[in-house]
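Biologist: Got a minute to go through this one with me? I'd like to talk helix packing and empty space.

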Amino acid sequence: MSEVLEGVQVVDQVATGGEVELDGLSKKYGTVQAVREVSLSIRRGEFLAILGPSGAGKTTLLNMLTGFEKPTSGAIRIDGRDVARLAPHKRGIGVVFQHYALFKHMTVAQNVAFPLRMRRMSPREQRSHIQHALELVKLEDFATRFPDQLSGGQQQRVALARAIVFRPPLLLMDEPLGALDKRLREHMRVEIKRLQRNLGATVIYVTHDQGEALTMADRVAVMNDGAVEQLGTPDDLYERPASAFVADFVGETNFFQGRTVLDADGRVRVVLDGDRTGHRRDVDNAESLKADCGVEVGVRPEQVSLLPVEGTDGPDVVGKVCEVLYEGATALHVVETAIGNVNARLSLKNLRETRWAVGDQVAVHWDAHAARGYHVADRNSSPSS
Ligand SMILES: Nc1ncnc2c1ncn2[C@@H]1O[C@H](COP(=O)(O)OP(=O)(O)OP(=O)(O)O)[C@@H](O)[C@H]1O
Ligand SMILES: [Mg+2]
């Protein structure tokens, strides 16, 4: 049976399944703890991105799912079944790697046929599966070409077709767009999302590109040093980072050093180092902070506004604009202040009346809800990419 969805010929949706559960999954290579105690439940049909810097353990985690690596401890269940003893090709998983890993001496059709031959499918059945898979990635006219006669994006689509040709309920992708240029990457994001929706497959997608993770995923797991540091929807992650690491890795953040104090009203507030106003500032997550501790306060550059100094009352820090970087729709203003340099990303639309230039004195302002405090000891490492 086939149906037309959004003008695309779609084969039968994948068989039911694709639910994944990781339970205390760990992997040690000698003394290197590559993955530590990762527990995750991934729903059927969900698109989960695993985001993290180089060396965070993303590939190791995927390799344990596919069966290429054996966990040191913990369990993996796919559709309720413990897969520990199951060979990779029996796990019903389609895999796409960063480098297409196509067989150079085989045509596109032969490459795509490979998983079907492994599964001993009859030639007739193979032909219809290959046809459908190539239609899905819009390469039906390229079946007889060899990989070196294709562009990078087309090669990556062949790799995708090969991963979906046997209609796996679960697709794992490890930096599948890493080798492509920016434009093609953005185009392929849309293609992969469309494909996933049409197939109804569960996707686990590894990337160190936050833009990719935020735009494509239903939920994102941020990995740092082998562990999942935060699991949440893209807006959760962006608006309520659970740690300084996440605030730093996902989007941009200004960090200001300070100390927490317990105010008479029972609320924890923060005094920033160098702030001559001595103002006790509110932060959005005050209830999760302890009093009398070193903290970093994180504020996104787009949450900072720059105001005229005249009429500034108490809390706003005054400083001097030292750089203005034009970005198109926005301009990044760097302001030197006593609490450190402050980045303010101002939308040019809102700048029609007041334009700031290098050397201008400005008052730096943000709303209390835009600031989050992080205990200093909680930042266990900084991102390396
Ligand atoms: N076969 C191995 N033997 C020893 N150490 C390994 C092995 N594979 C990975 N590691 C180590 O485990 C850690 C996690 O590596 P992994 O490849 O999972 O990171 P990653 O998040 O995929 O990084 P990248 O973004 O660079 O691909 C790293 O410190 C790495 O050096
Ligand atoms: Mg990797």
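Modeller: Sure. The crossing of α2 and α4 is right-handed. Keep in mind that this is a predicted model.

Biologist: How far apart are the axes of α2 and α4, and at what angle do they cross?

Modeller: The axes of α2, residues 108-118, and α4, residues 152-164, come within 7 Å. They cross at roughly 30 degrees. Angles under 35 degrees count as roughly parallel, so α2 and α4 are roughly parallel to each other.

Biologist: Which residues in α2 and α4 meet?

Modeller: From α2, V108, N111, V112 and P115. They meet V158, A161 and R162 in α4. By class, that contact of α2 with α4 has five nonpolar residues, one polar and one charged.

Biologist: And α2 with α3? What angle do they pack at?

Modeller: About 120 degrees, with the axes 10 Å apart. Helix α3 is residues 123-136. That angle makes α2 oblique to α3.

Biologist: Is the crossing of α2 and α3 left-handed or right-handed?

Modeller: The α2 and α3 crossing is right-handed. On the α2 side, the contact is made by V108, A109, V112, A113, L116 and R117. On the α3 side, Q126, H129, I130, A133 and L134 make it.

Biologist: How does the contact of α2 with α3 split by class?

Modeller: Eight nonpolar, two polar and one charged.

Biologist: OK, next pair. What do the axes of α4 and α5 do?

Modeller: They come within 11 Å and cross at roughly 20 degrees. Helix α5 covers residues 182-199. With that angle, α4 and α5 are therefore roughly parallel to each other. Their crossing is right-handed.

Biologist: Which residues make the contact there?

Modeller: G152, G153, R157, L160 and I164 of α4. Opposite those, α5 brings L184, M188, I192, L195 and L199. The class count for α4 with α5 is seven nonpolar, two polar and one charged.

Biologist: Switching to empty space. What is the volume of the largest pocket?

Modeller: About 470 Å³. There are 19 residues lining the largest pocket.

Biologist: Which of those are closest to its centre?

Modeller: F68, I93, V95, F114 and P115. P115 of α2 also turns up in the contact with α4.

Biologist: Which elements give two or more residues to that lining?

Modeller: β8, residues 93-96, plus α2 and α4. The largest share comes from β8, with four residues.

Biologist: How many residues of each class line the largest pocket?

Modeller: 14 nonpolar, three polar and two charged.

Biologist: How many cavities of 30 Å³ or more does the structure hold?

Modeller: Two. The second largest cavity has a volume of about 40 Å³.

Biologist: What lines the second largest cavity?

Modeller: L62, N63, T66, V95, F97, L172 and D174. V95 is also one of the residues closest to the centre of the largest pocket.

Biologist: Which element gives the most to the lining of that second largest cavity?

Modeller: That's α1, with three residues. Both α1, residues 58-66, and β9, residues 170-174, supply at least two residues each.

Biologist: And how do the residues of that cavity lining divide by class?

Modeller: Four nonpolar, two polar and one charged.

Biologist: Quick recap on the helices before I go?

Modeller: α2 is roughly parallel to α4. α4 is roughly parallel to α5. α2 is oblique to α3. For the pocket, start at β8, which gives the largest share of the lining.

Technical notes. Residues numbered from 1 in each chain as written. Chains lettered and ligands numbered in written order. Predicted model: local features only at pLDDT ≥ 70, side-chain atom pairs only at ≥ 80, totals over all residues. Heavy atoms only, no water. Axes fitted to C-alpha atoms, helices over the stretch in contact; angles between N-to-C directions. Parallel < 35°, antiparallel > 145°, perpendicular 65-115°, else oblique. Left-handed = near helix turned anticlockwise from the far one by under 90°. Contact = heavy atoms within 4.5 Å. Nonpolar A, V, L, I, M, F, W, Y, C, P; charged D, E, K, R; others polar. 1 Å grid on protein atoms, 1.4 Å probe; cavity = no way out; pocket = protein on both sides within 12 Å on 5 of 7 lines; lining within 4 Å. Points joined across faces, edges and corners; volume = space filled by probe spheres on them.
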